[in-house]
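Colleague: I am new to this structure. Please take a close look at salt bridging here, and then show me what surrounds that part.

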Amino acid sequence: MITIHYFAGLKEVTGIAQEQADLSGRTVEELGQWAAEKYPGILAGASRIAVNEEYALPEDLLENGDIAAFIPPVSGG
């Protein structure tokens, strides 16, 4: 199982702040596809996925116990 966090506006898209899913052995790209099927629109707006507090590449593999986070674009000034 991996833990998935949804931040800022993505929490509104999903209706939850976090959940767990059995996606061990899958890629980060597959995690994104899984989330997009479950929560249409979650990948709109150039959201990024981080795994264990580092931005992940699409081909990175998820392992049991990983913590993934969907992070929306952030602007500052």
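Modeller: Start with the term. A salt bridge is a side-chain nitrogen of Lys or Arg within 4 Å of a carboxyl oxygen of Asp or Glu. Side chains of opposite charge can pair when their charged atoms come close. Keep in mind that this is a predicted model.

How many salt bridges does the structure hold? The count is one. The partners are E19 and K38, whose side chains meet at 2.7 Å, N to O. That distance lies within the 4 Å limit, so the pair qualifies as a salt bridge.

Where do the two partners sit? E19 belongs to strand β2, which covers residues 18-21. K38 belongs to helix α2. The partners are 19 residues apart, and the pair links distant parts of the chain.

Now check the cover on each side. Is E19 buried or exposed? E19 counts as buried, because its relative accessibility is 12% and the cut-off for buried is under 20%. K38 has a relative accessible area of 42%, so it is partly exposed. The bridge therefore joins a buried residue to a partly exposed one.

Stay with the helix that carries K38. Helix α2 spans residues 28-38. A36 is found in helix α2 too. A36 counts as partly exposed, at 29% relative accessibility. Take a sense of scale from it: A36 and L62 are 26 residues apart in sequence, and their C-alpha atoms are 17 Å apart in space.

E30 has its place in helix α2 as well. E30 is partly exposed, because its relative accessibility is 33%. E30 also helps to form a negative surface patch, together with E29, E59 and D60. A patch takes in residues with over 30% relative accessible area and no salt bridge. E30 passes that accessibility cut-off with its 33%.

Next, the frame around the bridge. The chain has two helices and five strands. Read from the N terminus, the elements run β-α-β-α-β-β-β. The radius of gyration is 12 Å, close to the 11 Å that the globule rule gives for 77 residues, so the chain is as compact as a globular protein of that length. Along the principal axes, the C-alpha atoms fill a box of roughly 35 × 25 × 15 Å. Of the 77 residues, 35% count as buried. E19 is one of the buried residues.

Two loops deserve a look. A8 is in the loop between β1 (2-6) and α1 (9-14). A8 is not a glycine, yet its phi is positive, about 50°. A8 is exposed, with 52% relative accessible area. Its C-alpha is 27 Å from that of G25, and the two are 17 residues apart in sequence.

E53 is in the loop between β3 (48-51) and β4 (54-55). Phi of E53 is near 70°, again a positive value in a residue other than glycine. E53 counts as exposed, at 82% relative accessibility.

Strand β4 follows, and E54 lies in it. E54 is exposed too, with a relative accessible area of 58%. From E54 to D22 the C-alpha distance is 20 Å, with their positions 32 residues apart in sequence.

Back to the part you asked for. E19 in strand β2 and K38 in helix α2 form the pair. Their side chains meet at 2.7 Å, and the structure holds one such bridge.

Methods. Residues are numbered from 1 along each chain as its sequence is written. This is a predicted model: local features need pLDDT of at least 70, side-chain atom pairs count only at pLDDT 80 or more; totals for chains, interfaces and linings use all residues. Side-chain values use heavy atoms; hydrogens and water are left out. Patches are made of residues with over 30% relative accessible area and no salt bridge: like charges are joined within 9 Å, nonpolar side chains (Val, Leu, Ile, Met, Phe, Trp, Tyr) within 5 Å. Accessible areas come from the Shrake-Rupley method with a 1.4 Å probe; for residues, only the protein chains shown count as cover. Lys and Arg count as positive and Asp and Glu as negative; His and the chain ends are not counted. The place of a charge is taken as NZ of Lys, CZ of Arg, CG of Asp or CD of Glu. Helices (H or I, at least four residues) and strands (E, at least two) are DSSP runs, numbered from the N terminus. Buried means under 20% relative accessible area, exposed over 50%, partly exposed in between (1.4 Å probe, protein chains only). The radius of gyration is taken over C-alpha atoms; the globule rule is 2.2 Å times the number of residues to the power 0.38.
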